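Please work through the exercises below with the sequence and the model open side by side, and try each task before reading its solution.

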Amino acid sequence: MTDPVYDLVVIGGGINGCGIARDAVGRGLSVFLCDKGDLAGGTSSASTKLIHGGLRYLEHYEFRLVREALEEREVLLALAPHIIWPLRFVLPHHKGLRPRWLLRLGLFLYDHLGGRKVLPPTRSLDLSRDAAGAPLKPAYRRAFEYSDCWVQDSRLVVLNARDAEARGAVIAPRTACIRAERDGDLWRVTVKPEDGEPRVLSARALVNAAGPWVGEVLSGAVRANTPPHVRLVKGSHIVVRRLYDHDRAYIFQNGDGRIVFAIPYERDFTLIGTTDEDYHGDPAAVRISEGEIAYLCQAVNDYFATPVSPDDVVWTYSGVRPLYDDGATKAQEATRDYVVELDAPEGAAPLVSVFGGKITTYRRLAESVMEKLAGRFTLTPSWTGRAILPGGDLPGGSPAALITELKAQHPYLAPAHVERLVRTYGADTLSILENVGQPDDMGESFGSDLTEREVRYLIAREWARKTDDILWRRTKLGLVTTPEQTEALAAFLARTVPA
């Protein structure tokens with residue numbers, strides 16, 4: 001069989017690749033997306049899980065990036081209210097670091113740069129009276145509280161991929177691009193599925209959105225003559241048991257000029273991160289170091305009354321950011337802005353390569369890619385800022401309303417189970433619970449509240465094939481799943497997943 005000629009082949013199934021595929025197919029282009037691993041298998045599932053403007057980027061004068069990111073917060077909140085929700089951040093004043101007037105000025109800009117409408121503004125806190133002061137050392141008396149948003153990062157990737165597929169794109173995880181060669185005004189792209197034979201696709205344009213592998217694609221598959229302008233920076237996080245009772249996050253200033261977050265995580269835990277270190281190894285092999293664990297513990301121990309030690313860590317994860325190499329001396333000073341490069345020799349098929357970017361600005365990055373390709377295709381206007389992502393069209397208008405409705409309809413399910421389903425799948429929870437009238441209808445149990453019903457949904461609708469896809473990317477139930485339960489899930493997948 002002869003493969004069709006696609007308008008666009010996208011390499012990379014992270015947030016940028018899936019966002020580009022969604023944008024492009026919605027503008028009338030035919031799209032094929034491939035990734036050598038699972039969707040969100042790299043950096044996009046290793047973020048700090050924030051939709052935020054990047055308060056500290058103001059110190060590096062990245063006003064365009066901060067403004068764009070601040071504008072995107074409320075756009076994304078409206079598109080996916082089931083997996084993105086407002087979060088208040090407490091910034092204690094540290095007398096030995098940035099003065100209060102400077103923090104107040106930065107937060108004033110933060111409140112007004114991005115046209116905030118829904119999120120509440122900054123306010124001052126007296127930590128001796130506010131509950132946010134309870135976990136902190138008595139020396140911290142004053143703080144500021146401001147707004148950003150929380151996101152289930154890997155789910156945002158999958159939802160973009162699902163919407164792209166629903167609009168006609170071909171989404172092919174576990175399919176590596178092993179060669180891409182220009183043939184006049186077309187690309188000949190050789191892809192190889194994990195368990196299949198290579199095949200050659202044709203495309204009018206190629207987008208390299210391979211994240212930390214962007215340079216590897218350029219030097220390997222594409223065989224580009226120019227060196228890639230990429231700087232790999234490792235960011236690591238630790239997870240500990242819940243450190244405090246309220247639902248706000250903390251942003252702590254560190255003596256080295258960096259900041260560290262402490263964020264409520266998955267009901268019973270606290271997420272602490274992140275680090276910033278140059279990285280020179282294989283992005284697939286990235287791991288947290290003992291030094292990074294000690295650094296993160298010390299950073300929060302300067303603030304929390306009860307110290308955190310490496311023995312308290314229950315899980316860690318690390319990711320590699322593919323930043324644009326702007327020549328900054330320190331990793332923490334390298335620009336977080338994205339750069340979209342177009343390689344389009346006259347008469348030859350174009351190549352677009354994506355460097356840097358934040359999960360917050362993925363949609364605007366996709367629009368920038370489309371602008372680069374506008375001269376090659378007839379494109380309809382931008383549209384993604386108005387189209388709700390799968391599951392986001394919530395009955396009752398909010399997650400809380402749907403949770404209340406489903407608790408009444410399914411009283412035999414634990415309330416926490418219903419809440420987790422809605423906060424993971426939104427309106428698609430109705431599909432998972434369709435024709436369920438008693439606990440046995442949920443099928444086999446794999447520990448915690450993960451059931452066969454949910455697993456089959458993830459296989460059929462979200463490209464899940466392996467235990468890590470389900471326990472660490474589509475959900476975070478790996479935090480509460482035993483080795484025996486993981487083995488039972490693996491056995492179920494072995495006999496259920498299509499060959």
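The exercises that follow concern a predicted model, and they go from the whole protein to two helices and one tryptophan.

**Exercise 1. Find how the radius of gyration of the protein compares with what the globule rule gives for 499 residues.**

Begin with the secondary structure, which consists of 13 helices and 18 strands. The radius of gyration is 23 Å, close to the 23 Å given by the globule rule for 499 residues, so the protein is as compact as a globular protein of that length. Next consider the extent of the C-alpha trace, which spans about 70 × 60 × 40 Å along the principal axes. Then turn to burial and contacts: buried residues make up 57% of the 499 residues, and among contacts with a separation of 6 or more, 71% join residues 24 or more positions apart.

**Exercise 2. Work out which share of the accessible surface belongs to carbon and sulfur atoms, and how far apart the mean positions of the positive and negative charges are.**

The accessible surface comes to about 20500 Å², and carbon and sulfur atoms hold 51% of that area. For the charges, take the 60 positive and 65 negative ones as two groups; their mean positions lie 4 Å apart.

**Exercise 3. Check whether the span of helix H4 (residues 153–166) agrees with its 14 residues, and establish how many of them are buried.**

At 1.5 Å a residue, H4 should span 20 Å, and because its end C-alpha atoms are 20 Å apart, expectation and model agree. As for cover, 12 of the 14 residues are buried, including Asp153, Arg155, Asn160, Arg162 and Asp163. After the helix comes glycine 168, with a positive phi near 120°.

**Exercise 4. Identify what covers the buried residues of helix H9.**

In H9 (residues 415–425), the buried residues are His417, Val418, Arg420, Leu421, Val422, Thr424 and Tyr425. Their cover includes H4, already examined above, together with helices H8 (399–409), H10 (429–432), H11 (452–461) and H12 (467–474). Glycine 426 follows H9, and its phi is positive, near 60°.

**Exercise 5. Decide whether tryptophan 150 is buried or exposed, and name residues that it touches.**

First locate tryptophan 150 in strand E6 (residues 142–151). Its relative accessible area is 6%, and since residues under 20% count as buried, tryptophan 150 is buried. Leaving aside residues up to four places away in sequence, tryptophan 150 touches, among others, Thr48, Lys49, Leu50, Trp85, Ile263 and Tyr265. Finally, compare sequence with space: tryptophan 150 and proline 264 are 114 residues apart in sequence, yet their C-alpha atoms are 9.9 Å apart.

Conventions:
Residues numbered from 1 in each chain as written. Predicted model: local features only at pLDDT ≥ 70, side-chain atom pairs only at ≥ 80, totals over all residues. Heavy atoms only, no water. Helix = DSSP H or I, 4+ residues; strand = E, 2+ residues; numbered from the N terminus. Rg over C-alpha atoms; globule rule 2.2 N^0.38 Å. Buried < 20%, exposed > 50% of the residue type's maximum accessible area, 1.4 Å probe, protein only. Contact = heavy atoms within 4.5 Å. Areas by Shrake-Rupley, 256 points an atom, 1.4 Å probe, with all protein chains shown as cover. Lys, Arg positive; Asp, Glu negative; His and termini not counted. Charge placed at Lys NZ, Arg CZ, Asp CG, Glu CD. Expected span 1.5 Å × (residues − 1).
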